[in-house]
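Thanks, everyone. I'll keep this short. Have a look at the structure on the screen, and then we'll walk through a few side chains.

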Amino acid sequence: EKIIKIFESSGLNVKLLPLGHGEYDWNMTEEEFRKRYPYADIFDPGYGYYINFILVMGLILVPVMGIDMDVKVIQTIKRLYLNYNVVAINCAELSMLGGLINCISWNVKL
């Protein structure tokens, strides 16, 4: 809330996206998690972090998880980005590795 107030006091119009992180069934031990997802970054995956979408020209690719919150997120993004095509991509499994659409689309030039 403090950060939002700082942004708004600077004249920025803050819009929040819902978070679906808490909707994952976390009844898995870290050992079970590591066995199922051996290449995961950490034992706190990106599940439900919808903000990790990517905007490319007139297209927005939005990670969805196959949960009820997905509908609210897609509606919110469509309302905020009226002139964009919004495409939902199921990233539930990808999220377990620690990143989502924006993360996997980075290009690194060496």
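Let's start with Asn-52, which sits in the loop between H2 and S1. Bear in mind that this is a predicted model.

Is Asn-52 buried or exposed? Its relative accessibility is 16%. The cut-off for buried is under 20%, so Asn-52 counts as buried. What does its side chain reach? It reaches the backbone nitrogen of Asn-102, at 2.7 Å. Now set aside the neighbours within four places in sequence. Asn-52 is then in contact with Pro-63, Leu-100, Ile-101, Asn-102 and Cys-103. So Asn-102 appears twice for Asn-52: as a contact and through its backbone nitrogen.

Next residue along: Phe-53. Phe-53 is in the loop between helix H2, residues 30–36, and strand S1, residues 54–56. Phe-53 has a relative accessibility of 12% and counts as buried. Its ring pairs with the ring of Tyr-81. The centres are 6.0 Å apart and the planes stand at 75°, so the pair is edge-to-face. Where is Tyr-81? Tyr-81 lies in the loop between helix H3, 69–80, and strand S3, 85–90. The pair therefore ties together parts that are 28 residues apart in sequence. Tyr-81 has 26% relative accessibility, so it counts as partly exposed. Add Tyr-84, and you have one aromatic cluster: Phe-53, Tyr-81 and Tyr-84.

How many aromatic pairs does the structure hold? Three. One of them is Phe-33 with Tyr-37. That pair is tilted, with 5.2 Å centre to centre and 45° between the planes. Both partners are covered. Phe-33 is at 1% relative accessibility, which counts as buried. Tyr-37 is buried too, with a relative accessible area of 5%.

Now the charges. The structure holds two salt bridges. In general, side chains of opposite charge can pair when their charged atoms come close.

Take Arg-34 and Glu-30. Their side chains meet in a salt bridge at 3.6 Å, N to O. Both are in helix H2, four residues apart, which means about one helical turn between them. How exposed are they? Arg-34 is partly exposed at 29% relative accessibility. Glu-30 is partly exposed as well, with a relative accessible area of 40%.

The other bridge joins the side chains of Arg-36 and Glu-93, at 3.3 Å, N to O. Arg-36 lies in helix H2, and Glu-93 in helix H4, residues 92–95. This pair therefore ties together parts that are 57 residues apart in sequence. Glu-93 has 46% relative accessibility and counts as partly exposed.

Then there is a charged residue with no bridge. Asp-70, in helix H3, is buried yet has no salt bridge. Which side chain of opposite charge is nearest to Asp-70? Lys-72, and it is 12 Å away. What Asp-70 does have is a backbone partner. A polar atom of its side chain lies 3.0 Å from the backbone nitrogen of Ile-67. Outside its neighbours within four places in sequence, Asp-70 is in contact with Tyr-50, Val-64 and Met-65.

One backbone point. Met-57 is not a glycine, yet it has a positive phi of about 50°. Met-57 is found in the loop between S1 and strand S2, residues 59–64. With a relative accessible area of 75%, Met-57 is exposed.

Now zoom out. The protein has five helices and three strands. Along the sequence, the pattern reads α-α-β-β-α-β-α-α. The C-alpha trace spans about 45 × 35 × 35 Å along its principal axes. Of the 110 residues, 33% are buried. The exposed area is about 7,900 Å², and carbon and sulfur atoms supply 57% of it.

Last, the contacts. Consider those with a separation of 6 or more: 63% of them are between residues 24 or more positions apart. You have already seen two examples of distant parts tied together: the Phe-53 and Tyr-81 ring pair, and the Arg-36 and Glu-93 bridge.

That's my tour. Over to you.

Conventions: Residues are numbered from 1 along each chain as its sequence is written. This is a predicted model: local features need pLDDT of at least 70, side-chain atom pairs count only at pLDDT 80 or more; totals for chains, interfaces and linings use all residues. Side-chain values use heavy atoms; hydrogens and water are left out. Rings of Phe, Tyr and Trp (its six-membered ring) pair if their centres lie within 6.5 Å; planes under 30 degrees apart count as stacked, over 60 as edge-to-face and the rest as tilted. Buried means under 20% relative accessible area, exposed over 50%, partly exposed in between (1.4 Å probe, protein chains only). Lys and Arg count as positive and Asp and Glu as negative; His and the chain ends are not counted. A salt bridge is a side-chain nitrogen of Lys or Arg within 4 Å of a carboxyl oxygen of Asp or Glu. A polar contact is a pair of N or O atoms within 3.5 Å; within protein, one must be able to donate a hydrogen and the other to accept it, and residues adjacent in sequence count only if both atoms are side-chain atoms. Contact means heavy atoms within 4.5 Å. Accessible areas come from the Shrake-Rupley method with a 1.4 Å probe; for residues, only the protein chains shown count as cover.
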